[in-house]
Amino acid sequence: MSADDLRALAPRKSGWVMLDASRVNAFAGVTEDWQFVHFDDERARAETPFGGAIAHGFLTLSMLSAMSYEVTEDLPELATSVNYGFDRIRFVTPVPVGSRIRGTFAVADVDEGEGWLNIHWDVELEIEGGDSPALVASWITRAFLKE
């Protein structure tokens with residue numbers, strides 16, 4: 001797969017991913033982020049502008065990896081890819097616990113090296129039934145080509 005082939009890809013959507021209390025709790029256990037706004041729906045309603053408990057922003061960001069596997073699974077020339085970095089990340093809208101999100105991935109640019117491609121993705125995570133995105137990002141992955 002050439003850089004030009006990647007640039008020509010139409011934007012791709014992942015499937016929906018549930019951010020339920022179980023996933024939020026598991027993420028908190030790994031990151032040690034136990035802020036009440038993620039677990040205490042009643043207190044979050046009373047003390048925050050969010051209307052209830054919300055998923056961690058970094059949890060929504062972390063879901064990009066799993067979603068990206070879906071949108072690149074039909075690109076057999078790519079052996080593997082790793083995170084290379086972000087040029088921009090914005091957490092636009094809080095994700096209520098119990099919501100489903102999905103990602104739209106569009107190739108913005110591609111840099112080529114010997115045996116690898118840096119793929120610059122414009123990513124938007126939408127909340128099912130929501131009016132504005134949960135997250136927008138400019139994400140770079142380094143894809144290694146099969147020999």
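Where is Ala66 placed? In helix H4, and that helix gets a point of its own below. Here are my notes, in numbered form.

1. First, what we're looking at. This is a predicted model, and the predictor's confidence averages a mean pLDDT of 94 over the protein chain, with 99% of its residues at 70 or more. Split by element, H1 comes out with the lowest mean pLDDT, 84, while E2 has the highest, 98. As a reading rule, coordinates should not be read in detail where pLDDT is low.

2. The layout. You'll find four helices and six strands in the protein chain, and going along the sequence they come in the pattern α-β-β-α-α-α-β-β-β-β. The C-alpha trace spans about 55 × 30 × 25 Å along its principal axes. If you take contacts between residues at least 6 apart in sequence, 70% of them join residues at least 24 apart.

3. Surface and interior. The protein chain has 147 residues, and 37% of them count as buried. The chain exposes about 8100 Å², with carbon and sulfur atoms supplying 48% of that area.

4. The core. The largest nonpolar core is made of 32 residues, and Leu19, Ile101, Phe105 and Ile119 are the ones with the most contacts inside it. Two or more residues each come from helices H1 (3–7), H2 (21–31) and H4 (57–72), and from strands E2 (17–19), E4 (99–113), E5 (116–127) and E6 (135–145).

5. Phe105 up close. If you want one residue to click on, try this one. Setting aside neighbours within four places in sequence, Phe105 touches Pro11 and Arg12, then Leu64, Met67, Ser68 and Val71, and also Trp121, Asp122, Val123 and Trp139. Among these partners, Leu64, Met67, Ser68 and Val71 are also on the list of buried residues in H4.

6. Helix H4. Does the length add up, and what should the span be for 16 residues? At 1.5 Å a residue, H4 should span 22 Å, and its end C-alpha atoms sit 24 Å apart, so the two figures agree. H4 also bends by about 30° at Ala66. Its buried residues are Leu59, Thr60, Leu61, Met63, Leu64, Met67, Ser68 and Val71.

7. Back to Ala66. Is Ala66 buried, exposed or partly exposed? Its relative accessibility is 38%, so Ala66 counts as partly exposed. Gly103 lies 37 residues away along the chain, and the C-alpha atoms of Ala66 and Gly103 are separated by 10 Å.

8. Val30 and Glu32. Val30 belongs to helix H2, and with a relative accessible area of 71% it is exposed, because anything over 50% counts as such. Between the C-alpha atoms of Val30 and Gly57 there are 14 Å, for 27 residues along the chain. Glu32 is in the loop between H2 and helix H3 (41–47). Glu32 has a positive phi of about 60° although it is not a glycine, and its 65% relative accessibility makes it exposed too.

9. Pro49. Which loop holds Pro49? The one between H3 and H4. Pro49 has a relative accessible area of 74%, so it is exposed. From Pro49 to Asp33 the C-alpha distance is 19 Å, and the two residues are 16 apart in sequence.

Definitions and conventions. Residues are numbered from 1 along each chain as its sequence is written. This is a predicted model: local features need pLDDT of at least 70, side-chain atom pairs count only at pLDDT 80 or more; totals for chains, interfaces and linings use all residues. Side-chain values use heavy atoms; hydrogens and water are left out. A nonpolar core is a set of buried Ala, Val, Leu, Ile, Met, Phe, Trp, Tyr and Cys residues joined through side-chain atoms within 4.5 Å. Buried means under 20% relative accessible area, exposed over 50%, partly exposed in between (1.4 Å probe, protein chains only). Contact means heavy atoms within 4.5 Å. pLDDT is the predictor's confidence in each residue, from 0 to 100. The expected span of a helix is 1.5 Å times one less than its number of residues. The bend at a residue is the angle between axes fitted to the seven residues ending there and the seven starting there. Accessible areas come from the Shrake-Rupley method with a 1.4 Å probe; for residues, only the protein chains shown count as cover.
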